[in-house]
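Me: I am in my first year and would like a close look at a single part of this structure. Please take one strand, go through it slowly, and then show me how the rest of the chain relates to it.

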Amino acid sequence: LTPTIRPEGLDLVRNALKHQAFRDFEWLIGSPFDPSLPEARWIKDDFRDGYWTLNRCWNKLYKNVQGGLVVHWQDWVWAPPDALEKFWVNFQDGKKIISGVGDQYESINKWGKPQIKIWSDPRKTMENGSLYECNFNDIEYNFCAVDKKLIDRYGGADEKLDFLGYGGDLYQLSDRMNDGGEH
């Protein structure tokens, strides 16, 4: 799922998805514009009626998910070709919330490679990409996977926060899941 108001940020995600080893996925984009990408399904959201309305967009996307695992993939975020496969394998092994490591870039070059890193995921370890269990409040929703049943059980994103100036605050979803004993 990629909610966005930045069409230029979709090319990086598109290129990363094209190179994924795991191919059984659907890409949903929530945006006010039609991205006209044949590999994605567009869910229109005008991002109005609140300070941000990103939580409302997340909920619209959640309602349109057809699979059991929801991958949150922010625009301008790149991940390696085995990223979706790792999410899926961990989900099949019973993990219901998997936080990935994905850096954010400013542009891509003519070959589709990310250029100019503008945000480096602070959860990276010196162990060259090894997985580790993190605290619930360290889950980074720029790039993570969550069991759809948990999203439904805990009510998705809190749309009231859209009117309070919180942009895409899915940490409150993590808080509710943690309070419910899911972490």
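Reply: What follows looks at strand β9 and then moves outward to other parts of the chain.

The model is predicted. The chain has 183 residues, and 46% of them count as buried. Its secondary structure amounts to five helices and nine strands. In sequence order the elements follow the pattern β-α-β-β-α-β-β-α-β-β-β-β-α-α. Among the contacts with a separation of 6 or more, 63% are between residues 24 or more positions apart.

Now to β9 itself. Five of the five residues of β9 are buried, so the strand is largely enclosed by the rest of the structure. To count as buried, a residue must have under 20% relative accessible area. In a regular strand the side chains alternate between the two faces of the sheet. In β9, F143, A145 and D147 belong to one side, while C144 and V146 belong to the other. Residues on both sides are buried, and both faces of the strand are therefore described as covered. For C144 the relative accessible area is 0%, which is why this residue counts as buried.

Next come the strands that pair with β9. Strand β4 runs antiparallel to β9, and five bridges join the two. In this pairing, L69 stands opposite D147 of β9. Strand β6 also runs antiparallel to β9, with three bridges between them. Here S99 is the residue opposite C144 of β9.

Strand β9 also takes part in the packing of a helix. Helix α5 covers residues 171-179, and its buried residues are Q172, L173, S174 and M177. These buried residues pack against β9 (143-147), and also against α2 (54-64), β6 (97-99) and α4 (148-153). Strand β6 thus appears in two roles: it pairs with β9, and it is packed against by the buried residues of α5. Just after α5, G181 has a positive phi of about 85°.

Helix α2, another of the elements packed against α5, leads to the charged side chains. The side chains of K60 and D45 form a salt bridge, at 3.2 Å from N to O. K60 is in helix α2 and D45 is in the loop between β3 and α2, so this pair ties together parts that are 15 residues apart in sequence. The two partners differ in exposure: K60 is partly exposed because its relative accessibility is 30%, whereas D45 is buried because its value is 0%. K60 and D45 also belong to a network of salt bridges that includes D46 and R56.

The structure holds ten salt bridges in total. Another of them joins the side chains of R14 and E39, at 2.7 Å from N to O. R14 lies in helix α1 (residues 10-18) and E39 in the loop between β2 and β3, so the pair ties together parts that are 25 residues apart in sequence. Both partners are partly exposed: R14 has a relative accessible area of 23%, and E39 has a relative accessibility of 32%. A further salt bridge links D82 with K86, with the closest N and O atoms 3.4 Å apart. D82 is partly exposed at 28%, and K86 is partly exposed at 37%.

The cysteines need a separate remark. A disulfide is a covalent bond between the sulfur atoms of two cysteines. A search of the whole structure finds zero disulfides. C144, described above in β9, is buried, and C57 is buried as well, with a relative accessible area of 1%.

Two loop residues outside β9 complete the tour. S36 lies in the loop between β2 (27-31) and β3 (40-44). Its phi is positive, about 50°, although S36 is not a glycine. W76 sits in the loop between β4 (69-73) and β5 (77-78), and its phi is near 70°, again a positive value in a residue other than glycine. Their surroundings differ: S36 counts as exposed because its relative accessibility is 56%, while W76 counts as buried because its relative accessibility is 12%.

Finally, there is the surface of the chain. The chain exposes about 9,900 Å², and carbon and sulfur atoms supply 50% of this area.

Notes:
Residues are numbered from 1 along each chain as its sequence is written. This is a predicted model: local features need pLDDT of at least 70, side-chain atom pairs count only at pLDDT 80 or more; totals for chains, interfaces and linings use all residues. Side-chain values use heavy atoms; hydrogens and water are left out. Buried means under 20% relative accessible area, exposed over 50%, partly exposed in between (1.4 Å probe, protein chains only). Helices (H or I, at least four residues) and strands (E, at least two) are DSSP runs, numbered from the N terminus. Contact means heavy atoms within 4.5 Å. Accessible areas come from the Shrake-Rupley method with a 1.4 Å probe; for residues, only the protein chains shown count as cover. A salt bridge is a side-chain nitrogen of Lys or Arg within 4 Å of a carboxyl oxygen of Asp or Glu. A disulfide is a pair of cysteine sulfur atoms within 2.5 Å. Two strands pair if DSSP finds at least two bridges between them.
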